[in-house]
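Please work through the exercises below with the sequence and the 3D view open beside you. Try each task on your own before reading its solution.

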Amino acid sequence: MYFYRKPPELKTFGLENMVMMYVVPRRAASLPKSYLHLAQGYTSIVATAGLRCSSPLVARKRFISSTPQAQTKEFFPPPNAPHIKEVETAWAHPVYTEEQMRHVTVAHRETKDWADWVALGTVRLLRWGMDLVTGYRHPPPGKEHEAKFQMTEQKWLTRFVFLESVAGVPGMVGGMLRHLRSLRRMKRDNGWIETLLEEAYNERMHLLTFLKLAEPGWFMRFMVLGAQGVFFNGFFISYLMSPRICHRFVGYLEEEAVITYTRAIQDIEKGKLPKWTNLEAPGIAVRYWKMPEDQRTMKDLLMYVRADEAKHREVNHTLGNLNQAADPNPYSVKYKDSIKSHPGKGIANLKATGWEREEVI
Ligand SMILES: [Fe+2]
Ligand SMILES: [Fe+2]
């Protein structure tokens, strides 16, 4: 049995999307934990991945958790300060149109030298390890998933949460190292730092969005901790040695991210993910991407995320082409020639750099 309760401490913030109502199982605190999961209306929990979903997926209405208030884990609760209306960001997200997002395609940049091969080979190795651990396999082009690799909503969320927790690392490492280099050498950075930090911020917003749909269990937390420990240090050392290869590596990694989200979108379109058909995107996503009212479904959300990944793909492949020490960041400069197509923010000119070759998956 459920009753509804408004969280009193959130009333003053005007963040209607942050939390609408809790659904709290009566006497839930005295019930075994496994019952709490069942009470949320889910048929299964991805035990191996350690994710449990926190949204009951009620059409057009979202509740943050059916876990009793004492056990509710808010990953990014609003500040407990009555005089604060909201926390603002310096990085307002560019607005994407539906048309632009529909034109995002899976693409691949051909390798041109040994450095590219190192980057691509590392991505493929990581990808193979990740697929092995999470029991995932891309079907061959034009084919369907084998039955045992069929993806569900929970499996996709597991993959998204893990990938996004790792994806937020490179931009922060690159931005940090370029910042320190600028201080150390007392030289200008030429606009790279902000773009890299913004990318890390953007990836973290992806993660926070997906965490509104599923709470990671201990296994997932452990995996993220381990992955971050290894990946952060590995990327840190690699970036010191060759930032160019690192940007190429991220470019190839983002190619994979676009494939992943494209497949999830296709699954929604084919009706394979019924729990997501009418599920509304979390409020944090609506505000971040400035999603129009008629464009707030899970499919729309994944279209926004995929567009971001395509932008990271373009940015990092472009940065990987440049002289790391001397060239200004083409994404943060103003050009004298405003008629020619130049790299810029947003996805309107994704093809401006002309590196990609579209692929069919
Ligand atoms: Fe991402
Ligand atoms: Fe990305």
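**Exercise 1. The annotated span**

Task: The unreviewed UniProt entry places a "transmembrane region" at residues 218–240; find out how much of the span is helix and how much is strand, and how far apart its end C-alpha atoms lie.

Solution: Keep in mind throughout that this is a predicted model. Step one is to read the secondary structure, which is 100% helix and 0% strand over residues 218–240, and step two is to take the distance between the end C-alpha atoms, which is 33 Å. Step three turns to helix α6, which has 24 residues and runs 35 Å from its first C-alpha to its last, close to the 34 Å expected at 1.5 Å a residue. As a last step, look for buried residues in α6, where you will find Met220, Met223, Phe235 and Tyr239.

**Exercise 2. The nonpolar core**

Task: Determine how many residues the largest nonpolar core has, and which of them have the most contacts inside it.

Solution: Begin with the whole protein chain, which contains nine helices and six strands, and in which 35% of the 361 residues count as buried. The largest nonpolar core has 53 residues, and those with the most contacts inside it are Val161, Leu302, Tyr304 and Ala307. Next, ask which helices supply at least two residues each: they are α3 (114–134), α4 (153–185), α5 (192–211), α6 (218–241), α7 (243–269), α8 (283–289) and α9 (298–319). Of the contributions to this core, that of α7 is the greatest, at eleven residues. Finally, consider contacts in the chain between residues at least 6 apart in sequence, of which 76% join residues at least 24 apart.

**Exercise 3. The annotated binding site**

Task: The unreviewed UniProt entry gives Glu203, Glu254, Glu309 and His312 as "binding site"; decide why they can be said to gather at one spot.

Solution: First compare sequence with space: the four positions span 110 residues in sequence, yet no two of their C-alpha atoms are more than 11.2 Å apart, so they gather at one spot. Then examine Glu203, which is in helix α5 and counts as buried because it has 25 C-beta neighbours inside 10 Å, where 20 or more are required. Leaving aside neighbours within four places in sequence, Glu203 is in contact with Glu164, Ala167, Gly168 and Gly171. Glu309 belongs to helix α9 and is likewise buried, with 27 C-beta neighbours inside 10 Å. With the same sequence neighbours left aside, Glu309 is in contact with Glu254, Ala257, Val258 and Tyr261, so that one of its partners, Glu254, is itself listed in the "binding site" annotation.

**Exercise 4. Positive phi in a loop**

Task: For Met186, find the approximate value of phi, and decide whether this residue is buried or exposed; then do the same for Asn190.

Solution: Start from the general expectation that most residues other than glycine have a negative phi. Met186 is not a glycine, and yet its phi is positive, at about 55°. Asn190 also has a positive value, near 65°. To locate them, note that Met186 lies in the loop between α4 and α5, and that Asn190 is found in the loop between α4 and α5 as well. The final step is to count neighbours: Met186 has 6 C-beta neighbours inside 10 Å and therefore counts as exposed, whereas Asn190 has 16 and therefore counts as partly exposed.

Note on methods:
Residues numbered from 1 in each chain as written. Chains lettered and ligands numbered in written order. Predicted model: local features only at pLDDT ≥ 70, side-chain atom pairs only at ≥ 80, totals over all residues. UniProt positions renumbered as here; feature names shortened; annotations may be inferred. Helix = DSSP H or I, 4+ residues; strand = E, 2+ residues; numbered from the N terminus. Core = buried A, V, L, I, M, F, W, Y, C linked by C-beta atoms within 7 Å. Buried ≥ 20, exposed ≤ 12 C-beta atoms within 10 Å, placed from the backbone. Contact = placed C-beta atoms within 7 Å. Expected span 1.5 Å × (residues − 1).
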